[in-house]
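Student: Please take me slowly through one part of this model, explain each term as it comes up, and then show me how that part sits among its surroundings.

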Amino acid sequence: MHAKLSFDADARAHGAAGGAPAPLAPTRGLHVPDSFFRYAAIVGILGIVAWSIDRLDIDLDRLPGLLGRMGATLAQRYFPPNVAHVVRTDYLHSVLETLQMSYLATVFGILLAIPLAWLASHNVTPSRRIGYPVARLFVMACRSVHEMIWTILLVAILGFGMLPGVLALTLFCIGFAGKLFAEAIEAIDHGPVEATRAVGANAVQVFVYAVLPQVRVAWTGTSIYTWDVVFRAATVVGFFGAGGMGWYLRESVQRIASQDVAAIILSIIVVVLAAELLSAWVRGRVARAVA
């Protein structure tokens, strides 16, 4: 027994003198497997879904046969679509108005979103105390309010017509593109920014020569996608008095002309699909050009 204690003391002394320390015994602790957290998260999500269904009093017994009832309603009231209603000259003119409205809103929105995104980016903003919070608040406000709500408010203020539609879509575009533009700026390499500042460049020169070259590709793709999203919204803002294709949809709904409504909805789907294909083609060309 005394010999063993002496050997342990010699080993500790040898470790303290510079030799390799004796390995420590692994401590035993409570180990929770990762699968437990994964299963707990799944159970928690399912529990919230069940609780929400119960609190919202959603009658799940009405779901069986939903597709059958929907098909019967479409066949009885909306079929066949009145295609002649959507090939008239005045309706085709409304399609052109919708395209023009979305184009103007996208151009105005992006032009306004660029300086706002610059101010709302914490890494390059020229005004951290005033410009940054004001720009952030404005972009968030534009994103928080749905484009339909903007349309209703602006129609109530300005009256019916294309102007409230363009302004509503412009605000929507500012909120949508401004956030994505600011995120692209905040993800840039800060080295060129510091180098440009080191040679005495002002804030505008830093943005033009150090920031813009790094985000122009991302901004181009975002701008094209923004027009795609704005055009989809433009097809229905007219329902609230902003003109375009949506105005004809509202007029047909009020007349309970179901076959005309079906034709207008089909035309909106066709136009949106065409815009989606055009947007994808342009994005592909841009990606190949900068590759």
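**A close look at helix 10**

Tutor: In helix 10, which spans residues 245-254, the buried residues are M245, G246, Y248, L249 and S252. Here buried means a relative accessible area under 20%, exposed means over 50%, and partly exposed covers what lies in between, all with a 1.4 Å probe and with protein chains only. Helices (H or I, at least four residues) and strands (E, at least two) are DSSP runs, numbered from the N terminus. This is a predicted model, in which local features need pLDDT of at least 70 and side-chain atom pairs count only at pLDDT 80 or more, while totals for chains, interfaces and linings use all residues. Residues are numbered from 1 along each chain as its sequence is written, and side-chain values use heavy atoms, with hydrogens and water left out.

Where do the buried residues lie around the axis of helix 10? They cover an arc of only 160 degrees, which puts them on the same side of the helix; the arc is taken from the directions that run from the helix axis to the C-beta atoms. Just after helix 10, I256 takes a positive phi of about 55 degrees.

From helix 10 we can turn to S94, a residue of helix 4. S94 counts as buried because its relative accessibility is 2%. Leaving aside residues up to four places away in sequence, S94 touches G244, M245 and Y248, where contact means heavy atoms within 4.5 Å. Two of the residues named there, M245 and Y248, are also among the buried ones of helix 10.

To place M245 further, we need the nonpolar cores, each a set of buried Ala, Val, Leu, Ile, Met, Phe, Trp, Tyr and Cys residues joined through side-chain atoms within 4.5 Å. The largest core has 32 residues, and those with the most contacts inside it are V124, L169, F181, I185, V193, V211 and W219. Helix 4 (89-119), helix 7 and helix 9 (203-237) are the elements that give two or more residues to this core, and helix 9 supplies the largest share, eleven residues. L169, again not counting residues up to four places away in sequence, touches M101, A105, V230, A233, A234 and V237. Apart from this core lies another one of 15 residues, and M245 is among its members, together with V86, Y91 and V95.

The aromatic rings add to this picture, and the structure holds nine aromatic pairs. Rings of Phe, Tyr and Trp (for Trp, the six-membered ring) pair if their centres lie within 6.5 Å; planes under 30 degrees apart count as stacked, over 60 as edge-to-face, and the rest as tilted. The rings of F181 and W219 are stacked, because their centres are 4.5 Å apart and their planes stand at 25 degrees. Since F181 lies in helix 7 and W219 in helix 9, this pair ties together parts that are 38 residues apart in sequence. Both rings belong to buried residues, F181 at 1% relative accessibility and W219 at 6%. By contrast, F239 and F240 form an edge-to-face pair, 5.6 Å from centre to centre and with 70 degrees between the planes; F239 is partly exposed at 29%, and F240 is partly exposed at 29% as well. W118, F181, F207 and W219 form one aromatic cluster.

Charged side chains complete the tour, and a search of the whole structure finds seven salt bridges. A salt bridge is a side-chain nitrogen of Lys or Arg within 4 Å of a carboxyl oxygen of Asp or Glu. One of them joins K179 and E183, with 2.9 Å from N to O, and both residues lie in helix 7 (residues 162-186), four residues apart, about one turn of the helix. An α-helix has 3.6 residues a turn, so residues three or four places apart point the same way. R197 and E194 also meet in a salt bridge, at 3.9 Å from N to O, and they are separated by about one helical turn because they stand three residues apart in helix 8 (residues 191-198). Salt bridges that share partners also join E251, R255 and D260 into one network, and E251 brings us back to helix 10, whose residues are 245-254.
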